[in-house]
Amino acid sequence: MADLKIDVTGETCPVPLVELRKALKKASPGEIVEVVGTHPASKKEIPMAVEALGSELVDVNEKDGVWKIKIRK
């Protein structure tokens, strides 16, 4: 279960990453942020950026072209 959920379905770079950064600033340490989207490049970029943002990648999955990425702050 995510503490914060961001839906960036239909958005392209850099919107998903920008929205993730905003959510991580709002999140408390230990909280889970879930990002849901459809842009293939963002599915690759977000996991690469997580460590640089000082967070932990929890899960990445995709079904029918929609991906969900969970990150722990």
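Modeller: Before we start, a contact here means heavy atoms within 4.5 Å. Also, this is a predicted model.

Colleague: Good to know! So what share of the contacts with a separation of 6 or more comes from residues 24 or more positions apart?

Modeller: Those residues account for 66% of them.

Colleague: And how many helices and strands are there?

Modeller: You'll find 2 helices and 4 strands. Starting at the N terminus, the order is β-α-β-α-β-β.

Colleague: How does the radius of gyration sit with a compact globule?

Modeller: It agrees, because a compact globule of 73 residues would be near 11 Å, and the protein has 11 Å. The C-alpha trace spans about 30 × 25 × 15 Å along its principal axes.

Colleague: Let's zoom in on α2. Where does that helix bend?

Modeller: Helix α2 covers residues 40-52 and bends by about 25° at Ile46. A proline, Pro47, follows within four residues.

Colleague: Which residues of α2 are buried?

Modeller: Ile46 is one of them, along with Ser42, Ala49 and Val50.

Colleague: What do those buried residues pack against?

Modeller: They pack against α1 (15-26) and three strands: β2 (32-37), β3 (56-63) and β4 (66-72).

Colleague: Which residue with a positive phi follows α2?

Modeller: That's Gly54, with phi near 80°.

Colleague: Switching to the whole protein, how much of it is buried?

Modeller: Of the 73 residues, 32% count as buried. The accessible surface is about 4500 Å², and carbon and sulfur atoms make up 51% of that.

Colleague: Last one: how many positive and negative side chains are there?

Modeller: There are 12 positive and 12 negative ones, and the centres of the two sets are 2 Å apart.

Terms used. Residues numbered from 1 in each chain as written. Predicted model: local features only at pLDDT ≥ 70, side-chain atom pairs only at ≥ 80, totals over all residues. Heavy atoms only, no water. Rg over C-alpha atoms; globule rule 2.2 N^0.38 Å. Buried < 20%, exposed > 50% of the residue type's maximum accessible area, 1.4 Å probe, protein only. Areas by Shrake-Rupley, 256 points an atom, 1.4 Å probe, with all protein chains shown as cover. Lys, Arg positive; Asp, Glu negative; His and termini not counted. Charge placed at Lys NZ, Arg CZ, Asp CG, Glu CD. Bend = angle between axes of the 7 residues up to and from the residue.
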